[in-house]
Amino acid sequence: MKKPFRIQILYPGIVLMSAAMVCPSTAEAANSGVYLGGAVGQSEFDEIGELSDACIAAGVRCTSDDTDTGFKLFVGYQFGNYLALEGGYANLGELKAGVATPVLAEAALDVHGGFVSILPQVPIGDLGAVYGRLGLMVGDGELTARVPSIGFDDSDSGSVAGVTFGFGGALHLGMATVRVEFERYSFDEAFNIAGEDFDAPDIDLFSGSLLFRF
């Protein structure tokens with residue numbers, strides 16, 4: 001009468017032992033170093049007075065909206081536990097300035113492009129890591145200003161290049177990793193509206209991301 005009971009105990013034990021033997025090979029495959037991911041968050045434009053000046057050049061003082069939604073798509077490679085290389089596409093959103101009265105006037109700056117970064121890391125056991133970011137971004141920027149009532153409509157676009165740096169934290173959930181990060185994109189480009197040069201502002205991005213390792 002006890003034999004069936006013994007078999008019931010033994011069978012789960014065999015399953016658990018088999019799973020323990022398979023898991024290391026699965027983890028090893030998951031740690032090939034390659035990962036893909038995406039991030040979304042809030043972008044914030046600094047030194048927005050430069051953009052407001054584009055409206056002032058048209059004869060109208062403007063208010064401004066310095067936040068928008070930004071996102072990134074990226075691919076990376078993890079070198080051991082302390083360093084990763086990452087590249088991808090970032091859209092940092094659009095900064096807007098405008099006024100509705102006494103006449104409609106609008107100005108906007110849009111920035112997006114490709115980036116590459118190195119991420120030095122400090123592991124926190126097997127749970128995750130804290131990391132920094134240092135890299136370059138090269139892309140396109142467009143500054144526009146418009147006052148329909150007086151027929152003023154001008155824009156300037158071109159390539160933008162700058163450095164990006166930041167820091168964040170990562171939590172490992174098996175083959176997936178969740179990250180929270182702060183980044184700053186710093187550009188040194190000038191746009192010309194109505195004969196005036198306006199520097200592209202620095203842009204901060206606060207984001208959450210999800211990546212999958214292969």
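Y35 and F74 are both buried, and this pair of residues is a convenient place to enter the structure, which is a predicted model. Their ring centres lie 6.4 Å apart and their planes meet at 75°, so the pair is classed as edge-to-face. The pair connects distant parts of the chain, since Y35 belongs to strand β1 whereas F74 belongs to strand β3 (residues 67–79), with their positions 39 residues apart. The ring of Y35 has a further partner of another kind, in that the charged end of R213 sits over it, 5.3 Å from the ring centre.

The pair of Y35 and F74 belongs to a set of five aromatic pairs in the structure. Another pair is made by F167 and F182, whose rings are 5.7 Å apart from centre to centre and, with 45° between their planes, are tilted. Because F167 lies in strand β7 and F182 in strand β8, this pair ties together parts of the chain that are 15 residues apart in sequence. F167 has a relative accessibility of 53% and therefore counts as exposed. F167 and F182 are also joined with F206 in one aromatic cluster.

Two residues of that cluster, F167 and F206, lead on to E181, for both are among the residues that E181 touches once those up to four places away in sequence are set aside; the others are K72, Y131, R133, G168, L205 and S207. E181 is placed in strand β8 and, with a relative accessible area of 6%, falls under the 20% limit, so this acidic residue counts as buried.

What does the side chain of E181 meet in a salt bridge? The partner is the side chain of R133, at 2.5 Å from N to O, and since R133 lies in strand β6 and E181 in strand β8, the bridge ties together parts that are 48 residues apart in sequence. R133 is itself buried, because its relative accessible area is 3%. The side chain of R133 also meets that of E86 in a salt bridge of 2.9 Å, N to O; here E86 lies in strand β4 and R133 in strand β6, so the two parts tied together are 47 residues apart in sequence. Like R133, E86 is buried.

A search of the whole structure finds seven salt bridges. One of them joins the side chains of R184 and D204 at 2.7 Å, N to O, and because R184 lies in strand β8 and D204 in strand β11, it ties together parts that are 20 residues apart in sequence. The two partners differ in their exposure: R184, at 25% relative accessibility, counts as partly exposed, while D204 is buried, with a relative accessible area of 5%. Through shared partners, salt bridges also join K72, E86, R133, R179, E181 and E183 into one network.

From these charged groups we turn to the nonpolar interior. The largest nonpolar core comprises 23 residues, and those with the most contacts inside it are L92, V111, M137, Y185, F187 and I203. At least two residues of this core come from each of the strands β1 (34–45), β4 (83–99), β5 (105–124), β6 (128–147), β7 (152–173), β8 (176–187) and β11 (203–213). V111 gives a view of the surroundings at one such position: apart from its neighbours within four places in sequence, V111 is in contact with N91, L92, G93, M137, D140, G141, V160, F187 and I203.

Note on methods: Residues numbered from 1 in each chain as written. Predicted model: local features only at pLDDT ≥ 70, side-chain atom pairs only at ≥ 80, totals over all residues. Heavy atoms only, no water. Core = buried A, V, L, I, M, F, W, Y, C linked by side-chain atoms within 4.5 Å. Buried < 20%, exposed > 50% of the residue type's maximum accessible area, 1.4 Å probe, protein only. Helix = DSSP H or I, 4+ residues; strand = E, 2+ residues; numbered from the N terminus. Contact = heavy atoms within 4.5 Å. Phe/Tyr/Trp six-rings, centres within 6.5 Å; stacked < 30°, edge-to-face > 60°. Lys NZ or Arg CZ within 6 Å of the ring centre and 35° of its normal. Salt bridge = Lys/Arg side-chain N within 4 Å of Asp/Glu carboxyl O.
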